[in-house]
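Subject: The structure, and what turned up in it

Hi,

Here is the structure for you to open alongside this note. My findings follow below it, so have a look first and then read on.

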Amino acid sequence: MKKFIIGGLSAICLLITNPINAQEDDKVNFTKEELKFSKMDASPMDLALYRDKNDATVARVIYSRPQKRNREIFGKLIPYGEVWRTGANEATELTLYQDMKVADAVVKAGTYTLYSIPGEKEWTVILNSKTNTWGSYEYTDKEDKVRIKVPVRQAPNTIESLSMAFQESKKGADLLIGWDSSYVKVPFENVK
(Lines give C-alpha, C1' and ligand atoms only; values in the text may rest on other atoms or scores of the structure.)
Protein backbone atom coordinates (compact mmCIF):
# COMPACT_ATOMS: atom_id res chain seq x y z
CA MET A 1 0.00 0.00 0.00
CA LYS A 2 2.90 2.32 0.83
CA LYS A 3 4.39 1.79 -2.65
CA PHE A 4 1.03 2.56 -4.24
CA ILE A 5 0.69 5.87 -2.33
CA ILE A 6 4.29 6.92 -3.06
CA GLY A 7 3.84 6.04 -6.74
CA GLY A 8 0.61 8.04 -6.91
CA LEU A 9 2.19 11.08 -5.23
CA SER A 10 5.16 10.87 -7.61
CA ALA A 11 2.81 10.87 -10.62
CA ILE A 12 0.92 13.89 -9.26
CA CYS A 13 4.21 15.78 -8.69
CA LEU A 14 5.28 15.09 -12.29
CA LEU A 15 1.97 16.35 -13.64
CA ILE A 16 2.18 19.52 -11.57
CA THR A 17 5.84 20.37 -12.34
CA ASN A 18 5.76 19.45 -16.04
CA PRO A 19 3.50 22.37 -17.12
CA ILE A 20 5.70 24.73 -15.13
CA ASN A 21 8.77 23.58 -17.07
CA ALA A 22 6.91 24.00 -20.36
CA GLN A 23 6.01 27.56 -19.38
CA GLU A 24 9.65 28.32 -18.63
CA ASP A 25 10.56 27.12 -22.16
CA ASP A 26 8.00 29.55 -23.61
CA LYS A 27 9.66 32.47 -21.90
CA VAL A 28 8.55 35.84 -23.30
CA ASN A 29 11.33 38.14 -22.15
CA PHE A 30 14.96 37.22 -22.70
CA THR A 31 18.12 38.91 -21.49
CA LYS A 32 20.54 40.46 -23.99
CA GLU A 33 22.84 37.45 -23.59
CA GLU A 34 19.99 34.97 -24.22
CA LEU A 35 18.54 36.66 -27.29
CA LYS A 36 21.08 36.95 -30.09
CA PHE A 37 19.99 37.69 -33.66
CA SER A 38 22.48 38.03 -36.48
CA LYS A 39 23.36 41.49 -37.74
CA MET A 40 21.93 42.84 -40.98
CA ASP A 41 23.68 41.23 -43.95
CA ALA A 42 25.77 43.63 -46.04
CA SER A 43 23.86 42.30 -49.07
CA PRO A 44 20.33 41.65 -47.80
CA MET A 45 18.09 39.16 -49.56
CA ASP A 46 15.11 40.41 -51.54
CA LEU A 47 12.64 39.12 -54.09
CA ALA A 48 10.84 40.29 -57.20
CA LEU A 49 7.45 38.81 -58.06
CA TYR A 50 5.41 38.90 -61.24
CA ARG A 51 1.65 38.30 -61.23
CA ASP A 52 -0.52 38.21 -64.33
CA LYS A 53 -3.77 40.13 -64.90
CA ASN A 54 -5.66 37.45 -62.96
CA ASP A 55 -3.32 37.93 -59.97
CA ALA A 56 -1.77 34.47 -60.50
CA THR A 57 1.93 34.23 -59.68
CA VAL A 58 3.93 33.69 -62.87
CA ALA A 59 7.56 34.19 -61.78
CA ARG A 60 9.66 34.99 -58.73
CA VAL A 61 13.32 35.91 -58.31
CA ILE A 62 15.12 35.61 -54.96
CA TYR A 63 18.46 37.40 -54.84
CA SER A 64 20.89 39.21 -52.55
CA ARG A 65 21.42 42.94 -53.07
CA PRO A 66 25.06 44.08 -52.93
CA GLN A 67 25.66 47.82 -52.53
CA LYS A 68 27.68 50.13 -54.80
CA ARG A 69 29.40 52.03 -51.95
CA ASN A 70 31.38 54.31 -54.29
CA ARG A 71 32.94 51.34 -56.08
CA GLU A 72 33.31 50.82 -59.80
CA ILE A 73 30.99 47.88 -60.41
CA PHE A 74 31.02 46.45 -63.94
CA GLY A 75 34.43 45.79 -65.43
CA LYS A 76 36.08 46.08 -62.00
CA LEU A 77 34.20 44.54 -59.01
CA ILE A 78 32.19 42.36 -61.42
CA PRO A 79 34.64 41.51 -64.22
CA TYR A 80 33.46 41.53 -67.82
CA GLY A 81 33.33 38.16 -69.52
CA GLU A 82 33.07 36.04 -66.35
CA VAL A 83 30.11 34.09 -64.97
CA TRP A 84 28.47 35.99 -62.11
CA ARG A 85 25.82 34.77 -59.66
CA THR A 86 23.82 37.93 -60.47
CA GLY A 87 23.84 39.11 -56.89
CA ALA A 88 25.74 38.25 -53.73
CA ASN A 89 25.95 35.28 -51.37
CA GLU A 90 23.81 32.38 -52.65
CA ALA A 91 23.29 32.32 -56.40
CA THR A 92 20.12 34.07 -57.57
CA GLU A 93 17.13 31.77 -58.04
CA LEU A 94 14.31 32.20 -60.53
CA THR A 95 11.10 30.21 -60.11
CA LEU A 96 8.68 29.97 -63.01
CA TYR A 97 5.18 28.90 -62.03
CA GLN A 98 4.23 28.23 -65.63
CA ASP A 99 6.15 27.39 -68.79
CA MET A 100 7.69 30.51 -70.35
CA LYS A 101 9.58 31.18 -73.56
CA VAL A 102 13.06 32.69 -73.16
CA ALA A 103 14.98 33.45 -76.36
CA ASP A 104 13.84 30.62 -78.66
CA ALA A 105 13.48 28.02 -75.90
CA VAL A 106 10.46 27.00 -73.86
CA VAL A 107 11.54 26.77 -70.23
CA LYS A 108 9.39 24.46 -68.12
CA ALA A 109 7.87 25.62 -64.84
CA GLY A 110 10.39 25.06 -62.04
CA THR A 111 13.28 26.66 -60.17
CA TYR A 112 16.52 27.66 -61.89
CA THR A 113 19.68 29.50 -60.96
CA LEU A 114 20.06 32.81 -62.77
CA TYR A 115 23.65 33.52 -63.77
CA SER A 116 24.93 36.22 -66.05
CA ILE A 117 28.07 37.11 -67.94
CA PRO A 118 28.23 40.92 -67.96
CA GLY A 119 29.86 42.69 -70.86
CA GLU A 120 30.37 46.33 -71.67
CA LYS A 121 27.66 46.40 -74.36
CA GLU A 122 25.67 43.20 -73.72
CA TRP A 123 25.11 40.53 -71.10
CA THR A 124 24.57 36.84 -71.50
CA VAL A 125 21.84 35.80 -69.05
CA ILE A 126 21.74 32.10 -68.17
CA LEU A 127 19.07 29.89 -66.62
CA ASN A 128 20.78 26.86 -65.12
CA SER A 129 19.13 23.79 -63.60
CA LYS A 130 21.61 23.34 -60.70
CA THR A 131 20.06 25.10 -57.69
CA ASN A 132 20.99 25.75 -54.04
CA THR A 133 24.50 26.93 -54.86
CA TRP A 134 26.65 29.60 -53.28
CA GLY A 135 28.22 32.06 -55.66
CA SER A 136 29.12 30.78 -59.11
CA TYR A 137 31.76 28.31 -57.94
CA GLU A 138 29.70 25.25 -58.86
CA TYR A 139 28.53 26.64 -62.19
CA THR A 140 28.84 24.37 -65.21
CA ASP A 141 27.39 25.11 -68.64
CA LYS A 142 26.34 21.44 -68.88
CA GLU A 143 23.38 22.38 -66.63
CA ASP A 144 22.32 25.41 -68.73
CA LYS A 145 18.68 25.39 -69.85
CA VAL A 146 18.86 28.59 -71.88
CA ARG A 147 21.18 31.51 -72.63
CA ILE A 148 20.05 34.86 -73.96
CA LYS A 149 22.09 37.91 -74.97
CA VAL A 150 20.56 41.23 -73.95
CA PRO A 151 21.85 44.78 -74.55
CA VAL A 152 23.14 46.95 -71.71
CA ARG A 153 21.02 50.07 -71.21
CA GLN A 154 21.88 53.34 -69.49
CA ALA A 155 19.95 53.89 -66.24
CA PRO A 156 18.43 57.37 -65.78
CA ASN A 157 20.06 57.58 -62.32
CA THR A 158 22.56 55.63 -60.21
CA ILE A 159 21.19 52.40 -58.78
CA GLU A 160 22.89 52.05 -55.38
CA SER A 161 21.79 48.46 -54.63
CA LEU A 162 21.53 45.67 -57.18
CA SER A 163 17.83 45.69 -58.06
CA MET A 164 15.47 43.40 -59.93
CA ALA A 165 11.87 43.95 -60.96
CA PHE A 166 9.38 42.49 -63.38
CA GLN A 167 7.68 44.76 -65.87
CA GLU A 168 4.65 43.63 -67.84
CA SER A 169 5.19 43.44 -71.60
CA LYS A 170 2.94 42.73 -74.59
CA LYS A 171 3.96 39.06 -74.69
CA GLY A 172 4.58 38.39 -70.98
CA ALA A 173 7.03 40.14 -68.68
CA ASP A 174 10.54 41.56 -68.75
CA LEU A 175 12.93 40.99 -65.86
CA LEU A 176 14.89 44.20 -65.25
CA ILE A 177 18.28 43.79 -63.59
CA GLY A 178 20.00 47.06 -62.68
CA TRP A 179 22.98 48.26 -60.71
CA ASP A 180 25.23 51.30 -60.77
CA SER A 181 24.58 53.20 -64.01
CA SER A 182 23.17 50.42 -66.18
CA TYR A 183 20.48 47.76 -66.48
CA VAL A 184 19.40 44.92 -68.74
CA LYS A 185 15.96 43.70 -69.73
CA VAL A 186 15.38 39.93 -70.02
CA PRO A 187 12.16 39.05 -71.91
CA PHE A 188 9.94 36.20 -70.72
CA GLU A 189 7.08 35.35 -73.08
CA ASN A 190 3.87 33.52 -72.28
CA VAL A 191 3.58 30.10 -73.89
CA LYS A 192 0.26 29.68 -75.69
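In this predicted model, β4 and β5 are antiparallel partners joined by 3 bridges. Two strands count as paired if DSSP finds at least two bridges between them, and helices (H or I, at least four residues) and strands (E, at least two) are DSSP runs, numbered from the N terminus. Within this pair, valine 102 lies opposite alanine 105 of β5.

β4, residues 100-102, also pairs with β10, residues 172-190, again antiparallel and over 2 bridges. There, methionine 100 faces asparagine 190 of β10. β10 in turn runs antiparallel to β9, residues 153-168, with 9 bridges between them. Serine 163 has glycine 178 in β10 as its bridge partner, and the two strands, β9 and β10, make a hairpin with 3 residues in between.

Put together, this gives an open antiparallel sheet of 4 strands in the order β5-β4-β10-β9. β5 (105-107) and β9 are the edge strands, each with a single partner, so one side of each has no neighbour in the sheet. On average, neighbouring strands here are turned by 35° against each other, direction ignored; axes are lines fitted to C-alpha atoms (for helices over the stretch in contact), and angles run from 0 to 180 degrees between N-to-C directions.

There is also an open sheet of 6 strands, ordered β1-β2-β3-β6-β7-β8 and paired antiparallel. Its edges are β1 (45-51) and β8 (144-151); each has a single partner strand, so one side of each is left without a neighbour in the sheet. In this sheet, neighbouring strands are turned by 20° on average, again ignoring direction. β7, residues 122-128, is joined to β8 by 7 bridges in the antiparallel sense, and asparagine 128 sits opposite aspartate 144 of β8.

Now to the inside. The largest nonpolar core holds 33 residues, and Leu94, Leu127, Phe166, Leu175, Ile177 and Phe188 have the most contacts inside it. By nonpolar core I mean a set of buried Ala, Val, Leu, Ile, Met, Phe, Trp, Tyr and Cys residues joined through side-chain atoms within 4.5 Å; buried is under 20% relative accessible area, exposed over 50%, and partly exposed in between (1.4 Å probe, protein chains only). β10 gives the largest share of this core, 7 residues. A second, separate core has 5 residues, among them Ala91, Tyr115, Ile126 and Tyr139.

Which residues does isoleucine 177 touch, leaving out those up to four places away in sequence? Its partners include Thr86, Leu114, Trp123, Leu162, Met164, Tyr183 and Val186, where contact means heavy atoms within 4.5 Å.

For the chain overall, there are 1 helix and 10 strands, and the helix comes ahead of the strands from the N terminus on. Of the 192 residues, 35% count as buried. Among contacts between residues at least 6 apart in sequence, 51% join residues at least 24 apart. The chain exposes about 12,500 Å², with carbon and sulfur atoms supplying 52% of it; these areas come from the Shrake-Rupley method with a 1.4 Å probe, and for residues only the protein chains shown count as cover.

Two notes for reading the numbers. Residues are numbered from 1 along each chain as its sequence is written, and side-chain values use heavy atoms, with hydrogens and water left out. As this is a predicted model, local features need pLDDT of at least 70 and side-chain atom pairs count only at pLDDT 80 or more, while totals for chains, interfaces and linings use all residues.

Best wishes
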